[in-house]
Amino acid sequence: ILYNAVLRSLANSPSDETLGRAVSIVEMMEGKPTQTEWPNFTTYKLLLKCYLNQPKNAAEPSPYVLSTLCSKMIYHKPELNMSQEEIPLLPHEIASILIGMVHNNIDWDSRHFYTCVHALAKSTGPIKPFNSAPLSQSEQCESLLNFMTFLHHETKDATFKPSKVTFNVVIDKFAKAGRSKQAESIVDRMEHRSQTPGMEYMSPDTFSYNSLINAHARSMNYESALKAEAVLRKMQNLCADSVKSSPGSKPNVRPDVISYGATLDAFARSKSKQGAIKAEQILKLMYDEYRLDPQNAAQPNVRHFNCVLNAHAQSSSSGAAQRAEQLLKRMEELAGAGNPQLIADTISFNTVINCWAKSPQKDSAAKAEAVLYAMERKFRAGKLKDGPNRISFNAVMDAWSRSGEVGAALA
């Protein structure tokens, strides 16, 4: 620990003599007779920082030397009982990612390698691998996950064992990047691993499938939205099978408000008439399931209804405005019947106004203005938290300008 304190001081105060002194300290530690005095993960990480923090006029560090230090960071631990000569050199891609993480001060728990994946996934901004072809952060996370799987298979060391959470972190990273094929591939790997005796715990859970739905939603087309719906249906089937086979136990997979919300969003993003119709069908299914089993089923809220309203607005199809206004009225009926989570908000009203603004119907501008007036009345009566805003008025003016009536937008 004292040696590491000195190395930390050297890493934070680079000079022409820093690297030589740091190398000498680590070599001395490697020659100590007892394990308690041997270099550990922190030791090699600090020496790596000394290499990376050299003065600008210093020679660029050898990639081989840096890769060797990364190898020692991972393998030089008492549990593996490896001599210096037995430590294998890390694959170049993995070493370059780890060096990039050290260079960007992204730390992880040396006792559990999976935290390396988590730390990288949570980091913001691009983390450029050192002296290697550029990879996206999601690709870097997958590379580390694959390497963890290899390490655990080769060493049988539990600290290298990838958990379900680690797989979920990588799925989520791909999902947020809109890379649905890669996210789906990781989910497939989890399903395959869970078929192995003793590995049942690796079965994808609600988070896994929600991330996959979100990945499909970001593709922004109807075919991808149908894939999102297929994942939702799969979750429903898995939940039903689990409840049937193990009554009273909590299912590993159950569609929740996020599952439905992401699927509805997928259809809204498809910007199609079919997508809007599908979104309405899924919302009805969600509401019906909640009525049948309010203790366990996902409870619809205003965000789910707003997603469907947005699906109609995005579809720009004939009849979309009428359907949107009908849905708004349904929200008000349900809220009045004792469902406060369905009270329409400013977004709800603005979306319906926007639907009318886009409608080719002859009296659409008047309809849009009527919704605006209804919104104002509810706000004055204290039934709406926030009243009309700039978006509300602009949408109505847009509706009148589209109507072609002279001076209508100024009325």
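**Close-up views of a predicted model**

**View 1. F160, tucked into a loop.** F160 comes out as buried, since its relative accessible area is just 3% (buried is under 20%, exposed over 50%, partly exposed in between, using a 1.4 Å probe on protein chains only). This is a predicted model, where local features need pLDDT of at least 70 and side-chain atom pairs pLDDT 80 or more, while totals for chains, interfaces and linings take in all residues. Residues are numbered from 1 along each chain as its sequence is written, and side-chain values use heavy atoms, with hydrogens and water left out. F160 sits in the loop linking α7 (137–155) and α8 (164–176); helices are DSSP runs of H or I, at least four residues long, and strands are runs of E, at least two, all numbered from the N terminus. Leaving aside residues up to four places away in sequence, F160 touches I74, K77, L80, F113, M148, L151, H152 and T155, where touching means heavy atoms within 4.5 Å. M148 is 12 residues away along the chain, yet its C-alpha atom and that of F160 are 5.5 Å apart.

**View 2. H118 and its partner T166.** Look in helix α6 (residues 114–122) for H118. Its relative accessibility is 16%, so H118 counts as buried. The H118 side chain makes a polar contact with the side chain of T166 at 3.5 Å (a pair of N or O atoms within 3.5 Å; within protein, one must be able to donate a hydrogen and the other to accept it, and residues adjacent in sequence count only if both atoms are side-chain atoms). Beyond residues up to four places away in sequence, H118 touches V165, T166 and V169.

**View 3. Helix α14, mostly under cover.** How far apart are the end C-alpha atoms of α14? They are 20 Å apart, which agrees with the 20 Å expected for the 14 residues of 302–315 at 1.5 Å a residue (the expected span is 1.5 Å times one less than the number of residues). Of those 14 residues, 11 are buried, including F305, H312 and A313. The cover includes α12 (257–269), α13 (273–292), α15 (320–336) and α16 (346–358). At the N-terminal end, N301 acts as a cap, with a side-chain oxygen 2.9 Å from the backbone nitrogen of R303. Just past the helix, S316 has a positive phi of about 50°.

**View 4. The largest cavity.** This space amounts to about 50 Å³. On a 1 Å grid over the protein atoms alone, a cavity is a set of points where a 1.4 Å probe fits but cannot get out, a pocket is an open set with protein on both sides within 12 Å along at least five of seven lines, and lining residues have an atom within 4 Å of a point. Grid points are joined across faces, edges and corners, and volume is the space filled by probe spheres set on them. H312, A313, S316, S317, A320, A321, C355, K358 and S359 form the lining, with α14, α15 and α16 each giving two or more residues.

**View 5. The second largest pocket.** Its volume is about 310 Å³. Among the lining residues are Y287, F305 and R323. α13 gives the largest share, 6 residues. By class, the lining has 5 nonpolar, 2 polar and 5 charged residues (Ala, Val, Leu, Ile, Met, Phe, Trp, Tyr, Cys and Pro are nonpolar; Asp, Glu, Lys and Arg are charged; the others, Gly among them, are polar).
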